[in-house]
Amino acid sequence: MHIICNPKSGMGRGRRRLNEVTSYLESWGVDYQIYLTQYPGHMRELLTACLGQFKEEDSLILVGGDGSLHELVNLLADRGLDLPLAFVSAGTGNDFSRYYQAGKETIEDLLAPMFKGQVRRLRIGRIDPSLGKAGGVFVNSLGFGFDGQVIHESEGFKAKGGIWQVPWANRVRYLVSLFQSLRRVPNFALDVRLSGHSQHFSDVSLVAVMLNPYFGGGIQLDPRVAELEDDLALVVVHDLDWRAIPGLLYQILWRKGQGDSKHLAFYRGPRCELNLTPAIPGQVDGEAIFSAARSVGCRLDQQAFYL
């Protein structure tokens, strides 16, 4: 077994989860090799070292958060490798595991599919043009506007340290950042092309391309995303004013009745194209980005996982 781990993910939870993984493997007499990320971009070097020793019967385990998963899936996609992953979540948001590994908390539950050879091919999104260092694929979501602003605010709180770096504070940090961002909700124009359908929005606050319903560490932007199996979901929040914001937040955070809102448009399809005016900050898999490109295309691809 080859284990790539971000020990700092989840404010140190990565190291603890790694210890659980190795203890479980040792209890079954399984040999393993550990690769620890130590700085940004180190995973690329570690994957090269790992693949240099990889045998046909070997398996790859990742211990980390959504950001680590995003990075590794991008590295595999860059190399054109169709290599199944076993994922042990250890982040603060954990939107991927919240959806695809629901009810699986123990290491035994998470690694059982790997030992049984149970491979499931999941949807991922491929981005054109690539987002540079942020990569060309995503596993959870790609968004521009309000969500990107919230992520930027959240990372600012996280950088302050203290209580903001405690793992259980992630949802609180996100919600505080969300309400802080309400003071300057972005507005931009958007043209959407999806499955032969075109739509223009003149006043957009958020657009998100989603592969699972969770957002920002457990917030369901739109539960209808869970109903899709072979499509991307596109969610557009539009024509908001200060009077509409409290009601929409209530529907998203508590009532889960987004489908009733006239301020939310929902589309589905295997590919989409977004044209934003102007180019604005965003997020990919929970990581803040800024792309100078005003036009972004997304289409479906696949990544194999032990699930």
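User: Which residue stands opposite arginine 299 in E17?
Analyst: That's arginine 271. This is a predicted model, where local features need pLDDT of at least 70, side-chain atom pairs count only at pLDDT 80 or more, and totals for chains, interfaces and linings use all residues. Numbering starts from 1 along each chain as its sequence is written, and side-chain values use heavy atoms, without hydrogens or water.

User: How do E14 and E17 run, and over how many bridges do they pair?
Analyst: E14 pairs with strand E17 (residues 295–306) in the antiparallel sense, over five bridges. Strands (E, at least two residues) and helices (H or I, at least four) are DSSP runs numbered from the N terminus, and pairing takes at least two DSSP bridges.

User: What about E8 and E14, how many bridges there?
Analyst: Six, joining E14 to strand E8 (residues 188–194), and those two run antiparallel. One of the residues involved is alanine 189, whose bridge partner in E14 is threonine 277.

User: Which E14 residues are on the covered face, and which on the uncovered one?
Analyst: Cys272, Leu274 and Leu276 make up the covered face of E14 (residues 271–277). Arg271, Glu273, Asn275 and Thr277 are on the uncovered face. So the uncovered face of E14 holds both Arg271, the residue opposite arginine 299, and Thr277, the partner of alanine 189.

User: OK, what comes after threonine 277, is the bond to proline 278 cis or trans?
Analyst: It's cis, with omega near -5 degrees. Proline 278 is in the loop between E14 and strand E15 (281–284).

User: And which kind of peptide bond joins aspartate 128 and proline 129?
Analyst: A cis one, with omega about 5 degrees. You'll find proline 129 in the loop between strand E5 (119–128) and strand E6 (137–138).

User: Why flag cis bonds or positive phi values at all?
Analyst: Because most peptide bonds are trans, and most residues other than glycine have a negative phi.

User: Where does serine 195 sit, and what's its phi?
Analyst: Phi of serine 195 is near 50 degrees, a positive value in a residue other than glycine. Serine 195 lies in the loop between E8 and strand E9 (197–210).

User: New spot: what is phi at aspartate 239?
Analyst: Near 50 degrees, so positive in a non-glycine residue there too. Aspartate 239 is in the loop that goes from strand E12 (232–238) to helix H8 (245–255).

User: Is aspartate 239 buried or exposed, or in between?
Analyst: Partly exposed, with a relative accessible area of 41%. Under 20% would be buried and over 50% exposed, using a 1.4 Å probe and protein chains only.
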